[in-house]
Amino acid sequence: MLGLLARIQERPVIIAVVGIALELGIMSLAGSDDAIRGVRGIGGETALSLAVIGALFGGPVVGVLMAAAGWAVFFPTIAGSRLSSVIALPEWLLTVLLVGLLSRAIVTVERHRVEAERDREAAHALRAPVATIRGLVDFLRRRGGPRSPEEEKVVLALGDETDRLLSSPLLERPSDRREAAESGQESPT
């Protein structure tokens with residue numbers, strides 16, 4: 001669900017256009033129909049609900065734009081331009097702004113969680129083959145017998161490179177980080 005929300009939030013212009021059109025259309029319909037307009041609270045609640053949905057899917061700017069558009073129709077048609085209804089505008093704007101900010105924060109946290117999980121999986125997938133190569137290098141070093149200078153250079157280079165990879169922050173395990181923190185050492189990441 002959060003992945004879908006993140007993908008939808010990447011298209012705020014489309015959401016804003018559709019949302020504002022819905023606000024204007026529904027609020028105009030509600031304001032022009034005496035039977036609907038006469039139902040206490042339906043106009044304001046409808047406009048605010050649409051704007052909250054817009055803020056949830058499009059972010060705070062989309063929500064604020066939708067709330068302003070809904071209020072622009074609500075005020076003259078449903079509220080009859082009564083001055084006491086002006087208080088609805090800042091309430092609506094604050095509500096949708098907070099919903100939009102919360103939605104954006106949730107999506108950001110989820111995106112970071114997914115990226116961290118992907119990084120952990122990639123590190124795990126790389127650690128095993130690099131460790132295997134390192135073990136083979138150690139085997140070659142321990143194995144007796146003559147080696148040409150070129151072979152010795154290859155074995156040394158493989159050892160150095162696998163050591164560098166295994167000590168890289170990219171392949172660091174979360175448990176390594178905890179152990180370093182507990183022992184007072186700084187983690188390289």
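Reader: What links Arg134, Asp138 and Asp163 in a network?

Author: Salt bridges do: the three residues are joined by them into one network. A salt bridge here is a side-chain nitrogen of Lys or Arg within 4 Å of a carboxyl oxygen of Asp or Glu. Keep in mind that you're looking at a predicted model: local features need pLDDT of at least 70, side-chain atom pairs count only at pLDDT 80 or more, and totals for chains, interfaces and linings use all residues. Residues are numbered from 1 along each chain as its sequence is written, and side-chain values use heavy atoms, with hydrogens and water left out.

Reader: How do you know that aspartate 138 forms a salt bridge with arginine 134?

Author: Their closest N and O atoms are 3.2 Å apart. The cut-off is 4 Å, so the pair qualifies. Both sit in helix α6, four residues apart, or about one helical turn. Helices, by the way, are DSSP runs (H or I, at least four residues; strands are E, at least two), numbered from the N terminus.

Reader: Why is arginine 134 called buried or exposed?

Author: Buried means under 20% relative accessible area, exposed means over 50%, and partly exposed is in between (1.4 Å probe, protein chains only). Arginine 134 has 14%, so it counts as buried. Aspartate 138 has 26%, so that one is partly exposed.

Reader: What does arginine 134 touch, beyond its neighbours within four places in sequence?

Author: Arg141, Gly159, Thr162, Asp163 and Leu166. Contact means heavy atoms within 4.5 Å.

Reader: How many salt bridges are there by this rule?

Author: Six. One of them joins arginine 113 to glutamate 110, with the closest N and O atoms 2.8 Å apart. That pair also lies in α6, three residues apart, about one turn. Arginine 113 is partly exposed, because its relative accessibility is 45%. Glutamate 161 and arginine 164 meet in a salt bridge too, at 2.7 Å from N to O. They're in helix α7 (residues 149–166), three residues apart and about one helical turn from each other. Glutamate 161, at 40%, is partly exposed.

Reader: Why does that three-or-four spacing keep coming up?

Author: An α-helix has 3.6 residues a turn, so residues three or four places apart point the same way.

Reader: How do you know that the span of helix α6 agrees with its number of residues?

Author: The expected span is 1.5 Å times one less than the number of residues. For the 55 residues of α6 (residues 88–142) that gives 81 Å, and the end C-alpha atoms are 80 Å apart, which agrees. Helix α2 passes as well: its 21 residues should span 30 Å, and its ends are 29 Å apart.

Reader: What makes the buried residues of α2 line one face?

Author: Seen down the axis, they fall within an arc of 100°, so they line one face of the helix. The arc is that of the directions from the helix axis to the C-beta atoms. Among those buried residues are Ile15, Gly19, Glu23 and Met27. The face turned away from them carries the exposed residues Val13, Ile14, Val17, Leu29 and Ser32.

Reader: Why is valine 18 called partly exposed?

Author: Its relative accessibility is 46%, which falls in between the 20% and 50% cut-offs. Valine 18 lies in α2 (residues 12–32). With Ile14, Leu22 and Ile26, Val18 makes a nonpolar surface patch of about 330 Å².

Definitions and conventions: Patches are made of residues with over 30% relative accessible area and no salt bridge: like charges are joined within 9 Å, nonpolar side chains (Val, Leu, Ile, Met, Phe, Trp, Tyr) within 5 Å. Accessible areas come from the Shrake-Rupley method with a 1.4 Å probe; for residues, only the protein chains shown count as cover.
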